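Visitor: Pick one part of this model that deserves a slow look and walk me through it. Then show me how it sits in the rest of the chain, cut-offs included.

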Amino acid sequence: MKKTVNTFKKMKQEGEKITVLTAYEYAFAKIIDEENIDMTLVGDSLGMVVQGEKNTLGVTLEDIIYHTKIVSKISKQSFIVADMPFMSYQVSIEEAVFNAGRLIKEGGAEAVKLEGGIEFKDEIKAIVRAGIPVQAHIGLMPQSVHKVGGYKVQKDEKKILEDAIAVEEAGAFSVVLEGIPADIAKKVTNKLSIPTIGIGAGVSCDGQVLVINDMIGLNEDYLPKFVKKYAQIGDETRKAVKSYIKEVKGSKFPQKKHCY
Ligand code: KIV
C-alpha cells in the first residue's frame with residue numbers, strides 16, 4: 001500500500017520506526033520499493049555519489065527533477081521525497097513555492113525536503129500552504145558547508161531545539177536530524193509530535209535515513225562514522241569487471257550458450 005504523510009504520523013504515535021533510503025535511478029529505486037522501504041529520498045547527495053562532485057552545491061533543480069521522475073514512476077509503496085537543491089528556495093518565498101511545485105508536477109514527488117530551521121519558517125509555511133508536504137532538515141546541513149567550515153557535528157542544543165520547534169510550527173510533516181549528538185536527538189524526538197528521521201543522530205529518532213550508495217559499499221570515497229555498510233557491492237563489481245576483462249582477453253567469453 002502506498003505510504004502517505006498520515007502513515008508517518010501514525011507510525012510515530014505507535015512507536016514504529018520509519019525506514020528511509022535515497023535513490024536516484026531505476027534499479028535501486030525498484031529494489032527499495034519492492035522491499036517496502038517507507039520513504040525514498042531523491043537527495044541532493046546525488047551531486048556526490050552520482051555526479052562525483054566534492055559537495056552538493058552544484059546540483060540543479062533540473063537534476064533533481066530528472067532523477068525524481070525516474071524514481072517516482074516505479075514507486076508503488078514508498079513515499080517519494082525530492083530534495084530542494086542549493087539556491088532553489090533561499091532567494092525568495094515565491095521561488096521556493098514555484099520550485100517545490102515543479103518537483104511535484106514534473107518530478108512526481110509527493111513531498112519536498114529543504115535544509116534549514118527557524119530561518120526558513122516562512123518558506124516552509126508558504127510551500128505547505130500551496131498543498132505540498134515539507135520535510136525539514138536541521139543540524140548538519142551540507143548546503144551550508146562553507147558557512148560552517150566543513151561537515152561538522154552540530155552541538156548547540158538550544159539552537160537545534162529552536163529549529164525543530166520552528167519547523168514543526170511551520171507545518172513540516174517530518175524533520176531530518178543530521179550529525180547531532182544522540183542525546184540531543186532524543187530530546188528533540190520526545191519534544192516534537194512530527195517524526196524525526198536521523199542520520200548520524202542516534203537510535204532514538206523515529207526513523208533512520210542513509211544514502212544507498214554508502215550503505216551498500218558502492219561509495220569508495222570517505223565515509224562518515226554514521227554509515228554502516230550492509231553490503232560490499234563496490235568490491236563485488238570490481239571482481240566482476242576483473243573476471244570479464246580476463247575472460248574477454250583470453251577468448252573465454254562469450255561461450256557457445258551466449259551465441260546465436
Ligand atoms: O541529500 C541527501 O541524500 C540527504 C540525506 C542524507 C538526508 O539529505
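Guide: Start at Asn 36, in the loop that runs between α2 (26-34) and β2 (39-42). Those labels come from DSSP runs numbered from the N terminus: helices are H or I runs of at least four residues, strands are E runs of at least two. You're looking at a predicted model, with residues numbered from 1 along each chain as its sequence is written. Local features need pLDDT of at least 70, side-chain atom pairs count only at pLDDT 80 or more, totals for chains, interfaces and linings use all residues, and side-chain values use heavy atoms, with hydrogens and water left out.

What's odd about Asn 36 is its backbone: phi is near 70°, a positive value in a residue other than glycine. Most residues other than glycine have a negative phi, and most peptide bonds are trans. Asn 36 has a relative accessibility of 35%, so it counts as partly exposed (buried is under 20% relative accessible area, exposed over 50%, partly exposed in between, using a 1.4 Å probe and protein chains only).

For backbone company, go to the segment after α11, where Ser 251 lies. Phi of Ser 251 is near 55°, again positive in a residue that isn't glycine, and Ser 251 is exposed at 64% relative accessible area. Pro 254 is in the segment after α11 too, and the peptide bond joining Phe 253 to Pro 254 is cis, with omega about 0°.

Now step back into α11 itself. Helix α11 covers residues 233-249 and includes Ile 233. With 31% relative accessibility, Ile 233 counts as partly exposed. Leaving out neighbours within four places in sequence, Ile 233 is in contact with Ile 216, Gly 217 and Leu 218 (contact means heavy atoms within 4.5 Å). Its C-alpha atom is 8.9 Å from that of Asn 213, 20 residues away along the chain.

That brings us to α10 and Met 215, which is found in this helix. Met 215 counts as buried, at 13% relative accessibility. Leaving out residues up to four places away in sequence, Met 215 touches Leu 21, Leu 210, Val 227, Lys 228, Lys 229, Tyr 230 and Ala 231. The Leu 21 partner is 194 residues away along the chain, yet the two C-alpha atoms are separated by 9.2 Å.

Helix α10 (212-215) turns up again in the largest pocket: along with α3 (46-49), β4 (111-115) and β6 (174-178), it supplies at least two residues of the lining. The volume of that pocket is about 920 Å³. Of its 37 lining residues, Met 48, Glu 178, Asp 214, Pro 224 and Phe 226 are the closest to the centre. On a 1 Å grid over the protein atoms alone, a pocket is an open set of points where a 1.4 Å probe fits, with protein on both sides within 12 Å along at least five of seven lines, and lining residues have an atom within 4 Å of a point. Grid points are joined across faces, edges and corners, and the volume is the space filled by probe spheres set on them. By class, the lining splits into 17 nonpolar, 10 polar and 10 charged residues (Ala, Val, Leu, Ile, Met, Phe, Trp, Tyr, Cys and Pro are nonpolar; Asp, Glu, Lys and Arg charged; the others, Gly among them, polar).

What about the packing? The largest nonpolar core has 52 residues, and Ile 127 and Leu 177 touch the most other members. Apart from that core lies another, of 14 residues, among them Phe 8, Leu 41, Ile 197 and Ile 199. A core here is a set of buried Ala, Val, Leu, Ile, Met, Phe, Trp, Tyr and Cys residues joined through side-chain atoms within 4.5 Å.

Zooming all the way out, the chain has 11 helices and 8 strands. Its radius of gyration is 20 Å, close to the 18 Å the globule rule gives for 260 residues, so the chain is as compact as a globular protein of that length (the radius is taken over C-alpha atoms, and the rule is 2.2 Å times the number of residues to the power 0.38). The C-alpha trace spans about 65 × 40 × 35 Å along its principal axes, and 48% of the 260 residues count as buried.
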